[in-house]
Amino acid sequence: MSDHHPHDESGTSPYAARIRAIEALLLEKGVLTEPEVQDRISYMEARSPANGAKLVARAWVDEDFKELLLSDAKAAASELGIDPEHPAEFVVVENTPEVHNLIVCTLCSCYPRAILGRPPDWYKSFNYRSRAVREPRTVMREFGFEPPEGVEVLVHDSTADVRYMVLPMRPPGTEEMDEGVLAALVTRDSLVGVSVPRYAGS
Amino acid sequence: MTFEPGDRVRVLPAEKPGHVRTPGYLKGKAGWVESVLGEFPNPEELAYGFSGLPERPLYKIGFRQTDLWEDYEGPADDCLYADVYEHWLEPGEGGST
């Protein structure tokens, strides 16, 4: 029934329409300029999980780089030509055979946008935000991942000025792969920790 | 900095209206200082157009999941880290180690 359709005939949701109206007002009153709005759009579109995959793949093949990534993630990003500039800190946490990390922002949708771009819709959902801290193991199971027996699950609630990304473990059977092939194994979801990179040959 | 890594702390059970960065599920809960993250402008003031100065110390606080949720689904080793500003913390015993 069209009565219940959330979009109007132009295909614009009420939220998008509201944002457009606010944007028009900000431009009209000189708070923002059109080039500034375009700059922000370009900034955000230049960022994607591919950046995270590059960082992870390099860390897998280069121990010194891995140390830098874990101690100063912005410096590590700059080294690979990824512009990490953002007011918030950027911290990478390492999965090990003992600890599996999971990232959430219960208060809103804090995410390392300067590196990974916009978060997936599910990351912003009330469902994920409330359940990732309450029942992280059930949530990961729904993403098709179950940490092996004896592995501690460590949830990071990014409540303030730090944005987190997971450095997953390198899957077995990938010893001969080069950096580019390895990067293709690193999924966006594994950078949040709801799953892990997989290699079918392993 | 009032606290050091390893100190036992409790999150204040305070109710403060408006923008705060301390989630409700941690209020009144006991944990430990995992690390000192630095000093940052107070987000509770930044949100309303103020400077947020002086900067406030921010800590990474560790909690046992079993201290947060009575019926937690996983093993007792599972933990949660959250970043909490100093003015939301008090010295506190209790909770697991």
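Visitor: How far apart do the C-alpha centres of domain 1 and domain 2 of chain A lie?
Guide: Heads-up: this is a predicted model, where local features need pLDDT of at least 70 and side-chain atom pairs count only at pLDDT 80 or more, while totals for chains, interfaces and linings use all residues. Residues are numbered from 1 along each chain as its sequence is written, with chains lettered from A and ligands numbered from 1 in the order in which they are written. The assignment (bounds come from an automatic or database source) splits chain A into domain 1 (12–45) and domain 2 (49–192). Centre to centre, these two domains of chain A lie apart by 30 Å.

Visitor: Within what arc do the buried residues of helix 8 of chain A fall?
Guide: Helix 8 covers residues 126–134 of chain A (helices are DSSP runs of H or I, at least four residues, and strands are runs of E, at least two, numbered from the N terminus). Y128(A), R129(A), A132(A) and V133(A) are buried there (20 or more other C-beta atoms, placed from the backbone, within 10 Å of a residue's own; exposed means 12 or fewer, partly exposed in between). Look down the axis and those buried residues line one face of the helix, because the arc they fall within (taken from directions from the axis to the C-beta atoms) is 110°.

Visitor: And which residues are exposed on the other side of helix 8 of chain A?
Guide: The buried residues pack against strand 2, helix 7, helix 9 and strand 3 of chain A, together with strand 4 of chain B. Over on the other side of helix 8, the exposed ones are F126(A) and N127(A).

Visitor: Which element of chain A gives the most to the side that touches chain B?
Guide: Counting contacts (C-beta atoms, placed from the backbone, within 7 Å), 18 residues of chain A meet 20 residues of chain B. Helix 8, helix 9 and strand 3 of chain A each put in at least two residues on that side. With 6 residues, the top contributor is strand 3 of chain A.

Visitor: Which residues of chain A does L80(B) contact, neighbours within four places in sequence aside?
Guide: On its own chain, L80(B) contacts F63(B), Q65(B) and L68(B). Across in chain A, its partners are V133(A), V155(A) and D157(A).

Visitor: What radius of gyration does chain B have?
Guide: Chain B runs β-β-α-β-α-β-β along the sequence, and its C-alpha atoms fill a box of roughly 45 × 25 × 20 Å. For 97 residues, a compact globule would come out near 13 Å (2.2 Å times the number of residues to the power 0.38, with the radius taken over C-alpha atoms). Chain B agrees with that, at 14 Å.

Methods: Two residues are in contact if their C-beta atoms, placed from the backbone, lie within 7 Å.
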